[in-house]
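Thanks for coming. I have one structure to go through today, and I will keep to what can be read from the atoms.

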Amino acid sequence: MIFRAVRDGRPYPEHNLTLKQWAEIPPRPLRLDQLITTKRELALDKLLAEDSTFYGDLFPHVVEWGGGLYLEDGLHRALRAALQQRNQIHARVLVYTGQPE
């Protein structure tokens, strides 16, 4: 298995971080098998695109909440890493303390 689990949607409350705020979080290495995805589907054209991060952050965004590491943005990059036989990625991790609903 590549990821710890595959979900459809975020289980945590909205955090409202801007791209600028995400950019201030230093990336750290994470194992792919620790991550829980928040998207069940992906677009093959984005997975295969060479310039898929041209307009965005180079590092995936992960939210640590309730004992889980949720891959909020960067599913295509993470899957690309797995296809290249890598078992970890560098990601920006928001340690979120928002209360469960």
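I will start with the overall layout, then take the aromatic pairs, the salt bridges and finally one threonine.

Please keep in mind that this is a predicted model. The protein has three helices and six strands. Going along the sequence, the order is β-α-β-β-α-β-β-α-β. There are 101 residues, and 39% of them are buried. If you take the contacts with a separation of 6 or more, 86% of them are between residues 24 or more positions apart. The surface comes to about 6600 Å², with 51% of that supplied by carbon and sulfur atoms.

Now the aromatic rings. The count is three aromatic pairs. One of them is Tyr12 with Tyr96: the ring centres are 6.4 Å apart and the planes stand at 75°, so this pair is edge-to-face. Where do Tyr12 and Tyr96 lie? Tyr12 is in the loop between strand 1 (5–6) and helix 1 (19–23), while Tyr96 is in the segment after strand 6 (88–95), so the pair ties together parts 84 residues apart in sequence. Tyr12 is buried, at 5% relative accessibility. Tyr96 is buried too, with a relative accessible area of 18%; the cut-off is under 20%. Ring pairs also bring in Trp65 and Tyr70, so to speak, as members of a cluster with Tyr12 and Tyr96.

Next, the charged side chains. The whole structure has five salt bridges. One of these joins Glu64 and Arg28, with the closest N and O atoms 3.5 Å apart. That pair links distant parts of the chain, as Glu64 is in strand 4 (residues 61–65) and Arg28 in strand 2 (residues 27–31), 36 residues apart. Glu64 is partly exposed at 28% relative accessible area, and Arg28 is partly exposed at 34%.

Another salt bridge is between Asp33 and Arg31, where the closest N and O atoms are 2.8 Å apart. Asp33 has 36% relative accessibility and counts as partly exposed. Arg31, at 38%, is partly exposed as well.

Then there is Arg77 with Asp73, at 3.0 Å from N to O. Is Arg77 buried or exposed? Arg77 is buried, because its relative accessible area is 17% and buried means under 20%. Its partner Asp73 counts as partly exposed, at 29%. Besides these pairs, Arg10, Glu14 and Glu72 are linked in a network of salt bridges.

Last, the threonine. Thr37 is in strand 3, which covers residues 35–37. The relative accessible area of Thr37 is 2%, so this residue is buried. What is Thr37 in contact with, leaving aside its neighbours within four places in sequence? The list is Phe3, Ala5, Val6, Arg7, Leu71 and Leu75. A polar atom of the Thr37 side chain also lies 3.3 Å from the backbone oxygen of Lys39.

To go back over the main points: the Tyr12 and Tyr96 pair ties together parts 84 residues apart, the salt bridge of Glu64 and Arg28 links parts 36 residues apart, and Thr37 is buried at 2%. That is the end of my part.

Conventions: Residues numbered from 1 in each chain as written. Predicted model: local features only at pLDDT ≥ 70, side-chain atom pairs only at ≥ 80, totals over all residues. Heavy atoms only, no water. Helix = DSSP H or I, 4+ residues; strand = E, 2+ residues; numbered from the N terminus. Buried < 20%, exposed > 50% of the residue type's maximum accessible area, 1.4 Å probe, protein only. Polar contact = N/O pair within 3.5 Å; in protein donor to acceptor, adjacent residues only side chain to side chain. Contact = heavy atoms within 4.5 Å. Areas by Shrake-Rupley, 256 points an atom, 1.4 Å probe, with all protein chains shown as cover. Phe/Tyr/Trp six-rings, centres within 6.5 Å; stacked < 30°, edge-to-face > 60°. Salt bridge = Lys/Arg side-chain N within 4 Å of Asp/Glu carboxyl O.
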